[in-house]
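Me: I'm new to this one. Could you take a close look at the cross-links between side chains and walk me through them?

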Amino acid sequence: EEIQSTPPVKTDCVVSAWTEWDTCDRSCGGGQSYRHRQVHSFPQAGGEPCPKDLKVTRSCNSQSCDGEDCLVSEWTEWGACSSSCGPGQHSRSRHIIRLRSLHGLGCTLELGMTEHCEGDMDCGKLDCVWGDWSEWSGCTCSCDGGQQTRTRHVAQAPAGGGLPCKESDKEQIAPCNTQKCSLTNCRDGQWGDWSEWSGCSV
């Protein structure tokens with residue numbers, strides 16, 4: 001019985017993706033870090049060959065070891081919530097203990113943090129409340145009648161099933177400076193007579 005052999009299939013080399021960069025082998029003074037990839041399958045029947053660079057190196061932490069980096073403190077405790085009931089905010093902070101020296105690394109860390117918080121008390125049912133009116137604006141005219149305005153905003157939005165604000169104005173307009181402008185008799189300008197000629201300058 002005759003056995004036929006099948007020709008090999010042309011297959012390219014297959015390599016993995018690059019790994020993440022390794023940790024630098026020095027913290028200062030110039031070090032190196034590496035990353036690599038590996039061959040999953042080798043080429044066959046004239047397929048594309050595998051790349052030669054399966055491991056690469058880069059420099060890192062090139063700053064001088066004589067320098068001191070910026071140093072920050074530990075975080076403070078979280079402050080009190082800005083709201084006694086319902087949603088609010090609280091914050092914490094830290095400060096710079098030491099600035100960097102000539103060859104040190106500068107500060108890049110955040111010095112403040114704010115988060116959402118809830119007040120300890122139950123807000124219960126809160127009805128909508130209008131805020132106070134602002135002061136009246138300046139009048140648009142000094143006489144013969146003008147307008148001035150004032151505004152207000154919602155100071156407390158309803159919560160916990162509270163009542164909405166009663167329908168009312170957010171802006172009010174009132175007349176002002178309604179007195180008549182004074183009448184002035186106008187006349188054309190007129191040049192006076194020439195003075196005598198002054199003495200000659202030479």
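Reply: Here is a walk through the disulfides, then the salt bridge.

Keep in mind that this is a predicted model, where local features need pLDDT of at least 70, side-chain atom pairs count only at pLDDT 80 or more, and totals for chains, interfaces and linings use all residues. Residues are numbered from 1 along each chain as its sequence is written, and side-chain values use heavy atoms, with hydrogens and water left out.

Counting a disulfide as a pair of cysteine sulfur atoms within 2.5 Å, you get 7 of them. One joins C13 and C50, with sulfurs 1.9 Å apart. That pair links distant parts of the chain, 37 residues apart: C13 sits in the segment before β1 (14-15), C50 in the loop between β3 and β4. (Strands are DSSP runs of E, at least two residues, numbered from the N terminus.) The link is right-handed, with 95° about the S-S bond. C13 is buried at 15% relative accessible area, while C50 is partly exposed at 21%; buried means under 20%, exposed over 50%, partly exposed in between, using a 1.4 Å probe and protein chains only.

Another disulfide pairs C81 with C117, sulfurs 2.1 Å apart. C117 is in strand β8 and C81 in the loop between β5 and β6 (87-93), so parts 36 residues apart get tied together. C141 is too far for a bond, because the closest cysteine sulfur, in C139, is 6.2 Å away.

Finally, there's 1 salt bridge in the whole structure, meaning a side-chain nitrogen of Lys or Arg within 4 Å of a carboxyl oxygen of Asp or Glu. R37 pairs with D53, the closest N and O atoms being 3.0 Å apart.

Key: Helix = DSSP H or I, 4+ residues; strand = E, 2+ residues; numbered from the N terminus.
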